[in-house]
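Please look through the sequence and the structure below before reading on. The paragraphs that follow go from an annotated position to the cysteines, the charged pairs, the aromatic rings and the surface.

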Amino acid sequence: MPELKDRAYWLEKAKTLRLEGRAFIDGVYVDAHSRATFCTYSPIDALPLAPVALCASADVDLAVAAARRSFEVGVWSGLAPRERKSVLLKWAALLEAHTDELALLESLDSGKPIADTTGGDLPGTIYCLRWFAELIDKVHGEVPATDPRFFGTVTHQPLGVVAAVVPWNYPLLMAAWKFSPALAAGNSVILKPSEKTPLSALRIAGLAVEAGIPAGVFNVVTGDGATGRDLSLHGDVDCIAFTGSGKVGREIAKNAAASNLKRVWLELGGKSANIVMADCPDIAQAARSAAAAIFANMGQVCSAGSRLLVQRSIADQLIQELLDATDDYQPGHPLDPDSVTGAIIDGVQFERVCEYIEIGKQEAQLLKGGNSLSHIESGAYLEPTIFLAKDSSARIANEEIFGPVLVVIPFDTLEEAIAIANQTEYGLAAAVWSSDLKTIHTATRQLKAGTVWVNCYDELVDMNFPFGGFKESGNGRDNSAHALSKYTELKSTIMRCG
Ligand code: NAD
């Protein structure tokens, strides 16, 4: 009989988990040099989960030295791509074999529903790792047409030491988007997970060794912003790949400039517009999709459809369908397999979202939600919340809230909708719903966003598509073969032959 993975199963399994809180440097788990720790809490009930190493500059120096040594001796960078592929595929198989354990760690540490971590975060992480592993022995350099007395090649070489600093909303997945292409390309990596969700990154480091990744090639340093700052200022880090807030992204760029001009790749915030035209092929479907676009993962998604732009003639109908669809996103206990949404990451984020809800009440009409739910454990749970704004000038229509708060903005013409969509400093994602090819073509060309969906939102999880932003949503792209260029240098080699 297959095991019934109900809430009792996950709660029981949580009791048996051994939570590793030591950093992972040069192939082994180690305490911070100072022995200092910080505590990671579970958003589920706001209770402490485990002490975690608080890495300072001495620990970062050790990790960078280990990464540098492993890179220069070539235990990884010097392997044939197909050999790196084989090790990365073994690592992916180990992650798959430990899916329940890793998904549970992720849910405990982040408050995400177990259905999401088992069905989304873990399969997505494994898919990403496999995708880059399978790609790496199939990418080639170039032999340019040139003067016949010469022969030349253009080749890709790994950068060296890559630091990946990542957020808490998809802890493993965001990490995998960085370390998979970086490792596949032959770099040595230092991962700095968010201080709010360090546990899954630490656990996969042990599995990396089991898979055969040599010591020093994959390191995890844990700590808060200061640990990330040490990496961004380090003179022997060649590249820092960051996902997180614009404020920290700016600081990282400044620190890179102030140190060794390391390569900087930034995946930052968003305030994405989901535009529904009156000729939308299926209004009920657009409404269900709009609810998922903002309420999945409690709105803690960089590409969330946080602005719903609706053509005025269908606004009443779409809003009614949306209000009905929103009932599916009431938060539940994250370890209950039927829960579609869970807890907000912590009290700080909870307060921030609540402040925006108060601001929203002053500047727009509250259509639904707005309350916290104190009956689920003692964590931070918020009702899905919808505001109707008169126009696009409201703060809640322009600033990233990063919570389950949607603002609906009516418009009259496509031109107006595109102008509203493009008015924020961000440019991560957008969507347009229409049956008219000309409307779709105009919108997809004119929307300033790294991803544009047509008659859907946040669909097609496929590593072939690059992900990243225009404007202040960042630079460079995660995923797809394009991501490899973030972690490689191009070398022109020119030989005189005649
Ligand atoms: P954050 O910027 O506060 O922290 C991200 C990481 O940076 C954490 O590991 C943190 O410890 C570290 N950090 C903090 N201060 C630092 C400093 N001075 N120098 C170096 N590192 C430092 O972001 P967050 O609150 O963890 O995540 C939410 C933000 O991330 C939102 O703005 C969201 O839109 C963005 N995000 C973007 C994407 C994307 O792909 N574009 C994906 C997920 C999240």
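A residue is called buried here when its relative accessible area is under 20%, exposed when that value is over 50%, and partly exposed in between. The model is a predicted one, and the values discussed below are computed from it. With that scale in hand, one can turn to Glu267, which UniProt lists in an unreviewed entry under "active site", an annotation that may be inferred rather than shown by experiment. Glu267 belongs to strand S10, which covers residues 263–267, and because its relative accessible area is 4%, Glu267 falls in the buried class.

The cysteines come next. How many disulfides does a search of the whole structure find? The search finds zero, and the distances around individual cysteines show what lies behind that result. A disulfide would require two cysteine sulfur atoms within 2.5 Å, whereas the sulfur of Cys128 has its closest cysteine sulfur, that of Cys302, at 14 Å, which is too far for a bond. Cys128 is also buried, its relative accessible area being 0%. Cys456 is likewise in no disulfide, since the nearest cysteine sulfur, which belongs to Cys280, is 12 Å away. With a relative accessibility of 18%, Cys456 still counts as buried.

Charged side chains offer another way into the structure. Side chains of opposite charge can pair when their charged atoms come close. Taking a salt bridge as a side-chain nitrogen of Lys or Arg within 4 Å of a carboxyl oxygen of Asp or Glu, the count for this model comes to 27 salt bridges. One of them joins the side chains of Lys196 and Asp346, with a distance of 3.2 Å from N to O. Lys196 sits in the loop between strand S7 (188–192) and helix H7 (199–211), while Asp346 sits in the loop between helix H11 (315–326) and helix H12 (347–363), so this pair ties together parts that are 150 residues apart in sequence. Lys196 itself is partly exposed, at a relative accessible area of 25%.

Helix H12 also holds a salt bridge within its own length, for Glu358 and Lys361 are three residues apart in that helix and are therefore separated by about one helical turn. Their side chains meet with an N to O distance of 3.1 Å. Glu358 is partly exposed, with a relative accessible area of 41%, and Lys361 is partly exposed as well, with a value of 37%.

Is the salt bridge between Lys486 and Asp478 formed by residues that are buried or exposed? Its closest N and O atoms are 2.8 Å apart, and both partners count as buried, Lys486 at 2% relative accessibility and Asp478 at 1%. Elsewhere, salt bridges that share partners join Arg68, Glu72, Asp236 and Asp238 into one network.

The aromatic rings can be followed in a similar way. A pair of aromatic rings is described by the distance of the centres and the angle of the planes. The structure holds ten aromatic pairs. Among them is the pair of Trp91 and Phe218, whose ring centres are 5.1 Å apart and whose planes stand at 65° to each other, an edge-to-face arrangement. Because Trp91 lies in helix H3 (residues 81–97) and Phe218 in strand S8 (residues 218–220), the pair ties together parts that are 127 residues apart in sequence. Both rings belong to buried residues, for Trp91 has a relative accessibility of 0% and Phe218 one of 2%. Together with Phe179, Trp91 and Phe218 form one aromatic cluster.

A further tryptophan, Trp433, is placed in strand S16, residues 429–433, and is buried with a relative accessible area of 1%. The C-alpha atom of Trp433 is separated by 48 Å from that of Leu79, a residue 354 positions away along the chain.

The last stop is the surface. Which residues form a nonpolar patch there? The patch is made of Val143, Phe151 and Met495, which together have about 270 Å² of accessible area. Of these, Met495 is found in strand S18, residues 488–496, and with a relative accessible area of 36% Met495 is partly exposed.

Key:
Residues numbered from 1 in each chain as written. Predicted model: local features only at pLDDT ≥ 70, side-chain atom pairs only at ≥ 80, totals over all residues. Heavy atoms only, no water. Helix = DSSP H or I, 4+ residues; strand = E, 2+ residues; numbered from the N terminus. Buried < 20%, exposed > 50% of the residue type's maximum accessible area, 1.4 Å probe, protein only. Patch = residues over 30% accessible without salt bridge, like charges linked within 9 Å, V, L, I, M, F, W, Y side chains within 5 Å. Areas by Shrake-Rupley, 256 points an atom, 1.4 Å probe, with all protein chains shown as cover. Phe/Tyr/Trp six-rings, centres within 6.5 Å; stacked < 30°, edge-to-face > 60°.
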